[in-house]
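Got the viewer open and a hand on the mouse? Let's take a walk through this chain, one selection at a time.

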Amino acid sequence: MTPVLSVRDLTVTYSSGVVGCVDVSFDILPGEILGVVGESGSGKTSVLNAIALALPPTRGDARFDSPRLGSQALFALNAQESRWLRQREIALVHQNPHRALNFDLSAGANVAEALLAADWRHYGRIRQRVAELFRRVELDLTRMDDLPGRFSGGCSNASSWRGLSPIPPRCFSWTSPRAGSTSRSRPGCWT
Ligand SMILES: Nc1ncnc2c1ncn2[C@@H]1O[C@H](COP(=O)(O)OP(=O)(O)O)[C@@H](O)[C@H]1O
Ligand SMILES: [Mg+2]
């Protein structure tokens with residue numbers, strides 16, 4: 001079986017010289033979920049950001065089996081290609097909702113943005129899909145137009161909106177997974 005994601009010798013060194021992770025290798029097969037566990041500062045988020053194309057690695061390879069583009073060398077993609085994949089097939093849920101959400105846009109608009117990026121244009125269909133996703137994670141539909149900062153429980157709720165992933169991705173990268181997310185049925189990497 002072809003892995004959805006195959007990572008070899010992934011190493012991230014930050015510009016400060018601090019080492020994020022060294023020589024990380026793993027495969028994720030279709031339907032598999034990889035949980036990465038380790039103490040704070042051990043490199044979990046560095047791995048996750050690199051495979052979700054949010055952070056350039058210093059060394060290593062990653063091969064992603066894209067349903068639409070075929071087998072892709074992730075770290076060799078140009079900016080346009082990696083944006084295309086991030087918008088459609090590789091999802092990242094940030095631990096910090098301030099990195100995931102625009103706090104000047106409503107909760108619903110934050111989710112709708114991902115649909116717009118993937119070329120959805122019909123307002124009614126976007127609104128309907130956003131409502132469907134809110135329902136799925138038991139968020140009150142009447143609060144779709146509220147700003148993220150107005151939700152109780154801090155912003156942790158907010159980060160799950162992005163995780164709603166309007167378009168089911170092929171691979172989901174998730175820090176601190178939450179119940180009710182669509183990621184449970186996706187192959188991916190949880191840290
Ligand atoms: N943006 C950054 N710039 C510099 N160093 C960083 C950055 N992000 C993480 N680090 C460092 O990289 C190491 C691994 O961090 P991280 O991947 O966030 O670990 P974890 O997610 O397991 O807590 C730590 O020493 C951390 O301080
Ligand atoms: Mg982390």
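Start by selecting Ser82 and showing its side chain: in this predicted model, that side chain reaches the backbone oxygen of Ala79 at 3.2 Å. Ser82 lies in helix H2, which covers residues 79-88. Is Ser82 buried or exposed? With a relative accessible area of 11%, Ser82 is buried, because buried means under 20%. Now show what is around Ser82: leaving out residues up to four places away in sequence, it touches Leu53 and Leu77.

Next, pick Leu74. Not counting residues up to four places away in sequence, Leu74 touches Leu5, Ile51, Leu53, Ala62, Phe64, Leu85 and Ile90. That makes it a good way into the largest nonpolar core, which has 22 residues; Leu5, Leu10 and Leu74 touch the most other members. Colour the elements that give two or more residues to this core: E1, E2, H1, strand E4 (59-66) and strand E6 (90-93). There is also a second, separate core of 13 residues, and you can find it by selecting Val111, Val130, Ala131 and Met144, which are among its members.

Time for the sheet. Switch to cartoon view and look for four strands in the order E2-E1-E4-E5, forming an open sheet with antiparallel pairing. Which strands stand at the edges? They are E2 (19-28) and E5 (70-73); each has a single partner strand, so one side of each is left without a neighbour in the sheet. From one strand to the next, the twist averages 15°.

Zoom in on E1, residues 5-13, and its partner E2: they pair in the antiparallel sense over six bridges. To see one bridge, select Val12 and its partner in E2, Cys21. Then add helix H1 (residues 44-51), which packs on the sheet and touches E1 and E2. The direction of H1 makes about 120° with that of E1.

While you're at E1, click on Asp9, which sits in that strand. The phi of Asp9 is near 55°, a positive value in a residue other than glycine. Here's some background: most residues other than glycine have a negative phi. Asp9 is partly exposed, with a relative accessible area of 40%.

Two further stops have a positive phi. Go to the loop between helix H4 (107-117) and helix H5 (123-136), where you'll find Asp119; its phi is near 75°. Then move past H5 to Glu138, which follows that helix and has a positive phi near 60°.

Don't leave H5 just yet. Try a ruler check: how far apart are its end C-alpha atoms? At 1.5 Å a residue, the 14 residues of H5 should span 20 Å, and the end C-alpha atoms are 20 Å apart, which agrees. Now select the buried residues of H5, which are Ile126, Arg129, Val130, Ala131, Leu133 and Phe134. These buried residues pack against H4. Val130 and Ala131 should look familiar, as both belong to that second core.

Finally, zoom out to the whole chain. How many helices and strands are there? You should count six helices and eight strands. Trace them from the N terminus and the elements run β-β-β-α-β-β-α-β-α-α-α-α-β-β. Of the 191 residues in the chain, buried ones make up 44%. And of the contacts with a separation of 6 or more, 59% are between residues 24 or more positions apart.

Notes
Residues numbered from 1 in each chain as written. Chains lettered and ligands numbered in written order. Predicted model: local features only at pLDDT ≥ 70, side-chain atom pairs only at ≥ 80, totals over all residues. Heavy atoms only, no water. Pairing = 2+ DSSP bridges. Axes fitted to C-alpha atoms, helices over the stretch in contact; angles between N-to-C directions. Contact = heavy atoms within 4.5 Å. Buried < 20%, exposed > 50% of the residue type's maximum accessible area, 1.4 Å probe, protein only. Polar contact = N/O pair within 3.5 Å; in protein donor to acceptor, adjacent residues only side chain to side chain. Core = buried A, V, L, I, M, F, W, Y, C linked by side-chain atoms within 4.5 Å. Expected span 1.5 Å × (residues − 1).
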